[in-house]
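Here are some exercises to help you find your way around a protein you have not met before. Keep the viewer open, try each task yourself, and then read through the solution.

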Amino acid sequence: MSATAINSSTTLSLSQRATQTKESQIREASRYCAQFGAINLAQGLPDFAAPEALKQAAQDAIAADINQYADTWGLEALRVAIAAKLQRDNGIAVDPDTQVTVCCGATEGLNIALMSIIDPGDRVLIFEPFYENYIPNLATVGGIPEMLVLQPPQWEITAEMLEPYFQKGLKAVIVNTPANPTGKVWTRAELELLATFCDRYGVYVITDEIYEYILYEGEHVSMFSLPGMAERTIVVNGFSKTFCVTGWRLGYTVASEALTAAMRRIHDFLTICAPAPLQQAALVALSFGRDYYIQMAADYKRKRDLLYSALEAMGLSPVLPRGAYYIWTDSSALAEDADRAAFRLAQEAKVAAVPGNCFSNPKRQHVNGLRFCFAKKDSTLAAAIAQMQKFRL
Ligand code: PLP
């Protein structure tokens, strides 16, 4: 059935949910990136290989006929390894049998978390600029996003900023630390402040910690580890970013027994399980020592510094990220609106970035901001920097 047939029919109609969900602007940026032959610093994925040991482990698992559905909740040994990592790196003690669920990426984790706690009309606080999926994910469950705008360069949170949102009534808050697109790393004090509000007003927290190990300054603190927060926090994390396997679709959630039981019921009927052979490989990923994480963060830091200097020299006033692999810049020197600025950069400098509109309140008229991804080979970054140096604002 074609889209035209659906539109012209008086009896057939798409759901409001489907019509309200707009196509990702990141994909649009990638389209005109190809059209102009630009270098793609828009999409948030590495253009380099995953660790050899992981690739080998996945191939071995398929060769060993691990090709059928895995345990719905996740391979037992993997859940045990995740629980050990939580204890070692986050100071979190959980039961892998009842509190850890392996799912199809942090994306599924976020969706099953929202489906488990949000009813239509429930308000959910997010911090703007935010990861673009939060809006469509909330739309799917009928949740209403409350967008608290943070200001560069610190993107800091204060009690005065939080109070009105909590007074209005919230069901949950989504915290992303380290954050996409700003690189903000929530401090322990900020998380403690938010925890106080969540406790006082009876609010859940979903923490998206997918960039946990891509950290340059500060410490990564998981909300789940703060006193009294384990009962009301759902941790969403995964393997995509840390192990350079965004296409493997491997993530996990960590929550109380009751919340986990709810999420597992939904997960089972949504995807049944995460890819079985790749879960075997993820087990190998979690056996990597400290060196792996230290080297990865050092490599990304070098790339960050390289791109940051180039963007600064261009006059785009970049904000130095403390974590994740994106740099947020001003876009006003390129054009009045971010959309136009991104288009101009792709067309004239032949470098694609994502317009800030993608991470902002969809109703906002004028957005100032561009997001550049530096999870790229040094040669890709060098080529992009050379193109930008040729371009005069
Ligand atoms: N959360 C954030 C903040 C992200 O930036 C991304 C991907 O860009 C995801 C979640 C998606 O993670 P996954 O690949 O595990 O679904």
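The exercises below go through domains, sheet, pockets, cavities and backbone details of this predicted model.

**Exercise 1. Find which residues belong to each domain, and describe how the domains are placed.**

Solution. Begin with the assignment: domain 1 is made of 15–50 + 296–390, and domain 2 is 52–285. Next, take the centres of domain 1 and domain 2 over C-alpha atoms; they are separated by 24 Å. Finally, look at the contact, to which domain 1 contributes 33 residues and domain 2 contributes 35 residues.

**Exercise 2. Work out the strand order of the seven-stranded sheet and say which strands stand at its edges.**

Solution. Step one is to trace the open sheet across its strands, which gives the order β2-β8-β7-β6-β5-β3-β4 with mixed pairing. Step two is to look at the edges: β2 (100–103) and β4 each have a single partner strand, so each has one side without a neighbour in the sheet. Step three is the twist, which averages 20 degrees from one strand to the next.

Now zoom in on one pair. Strand β6 (residues 204–208) and strand β7 (residues 233–238) run parallel and are joined by four bridges. Here you can find D208 opposite V236 in β7.

**Exercise 3. Describe how helices α5 and α6 lie on the sheet.**

Solution. Take α5 (residues 76–90) to begin with: this helix lies across β2 and β8 (251–254), and runs at about 120 degrees to β2. Then turn to α6, which packs on the sheet and touches β2, β5 (172–176), β6, β7 and β8. The direction of α6 makes about 160 degrees with that of β7.

**Exercise 4. Locate the largest pocket and explain its position relative to the domains.**

Solution. The largest pocket has a volume of about 930 Å³. To find its centre, look for Q20, K22, I135, P136 and P362, which are the closest to it of the 29 lining residues. Next, ask which elements take part: α2 (16–20), α3 (25–35), α7 (134–141) and β4 (144–149) each give at least two residues to the lining. Of the elements, α7 gives the most, with four residues. Sorting the lining of the largest pocket by class gives 10 nonpolar, 12 polar and seven charged residues. The last step is the position: domain 1 and domain 2 both give residues to this lining, so the largest pocket lies between them.

**Exercise 5. Do the same for the second largest pocket: where does it lie?**

Solution. This pocket holds about 520 Å³ of space. It is lined by 26 residues, and G44, T107, Y131, N133 and K241 are the closest to its centre. Both α3 and α6 (105–117) supply at least two residues of the lining, and the largest share, four residues, comes from α6. By class, the lining of the second largest pocket divides into nine nonpolar, 11 polar and six charged residues. Domain 1 and domain 2 both give residues to the lining of the second largest pocket, so this pocket lies between them.

**Exercise 6. How many cavities of 30 Å³ or more does the structure hold, and what lines the largest cavity?**

Solution. The count is three. The largest cavity has a volume of about 140 Å³. Its lining has 17 residues, and F127, P129, F130, N176 and A179 are the closest to the centre. Strands β3 (123–128) and β5 are the elements that give two or more residues to this lining. By class, the lining of the largest cavity has 12 nonpolar, three polar and two charged residues.

Continue with the second largest cavity, at about 70 Å³. Its lining includes K85, E212, Y213 and N237. The classes here are six nonpolar, three polar and two charged residues.

**Exercise 7. Find where the cis bonds at P153 and P181 lie, and inspect the phi of W155.**

Solution. Start at P152: the peptide bond from P152 to P153 is cis, with omega near 5 degrees. P153 sits in the loop between β4 and α8 (159–168). In the loop between β4 and α8 you also find W155, which has a positive phi of about 55 degrees although it is not a glycine. Then move on to N180, where the peptide bond to P181 is cis, with omega near 10 degrees. P181 is in the loop between β5 and α9 (188–201).

Definitions and conventions
Residues numbered from 1 in each chain as written. Predicted model: local features only at pLDDT ≥ 70, side-chain atom pairs only at ≥ 80, totals over all residues. Heavy atoms only, no water. 1 Å grid on protein atoms, 1.4 Å probe; cavity = no way out; pocket = protein on both sides within 12 Å on 5 of 7 lines; lining within 4 Å. Points joined across faces, edges and corners; volume = space filled by probe spheres on them. Nonpolar A, V, L, I, M, F, W, Y, C, P; charged D, E, K, R; others polar. Domains from an automatic or database assignment. Pairing = 2+ DSSP bridges. Axes fitted to C-alpha atoms, helices over the stretch in contact; angles between N-to-C directions. Contact = heavy atoms within 4.5 Å.
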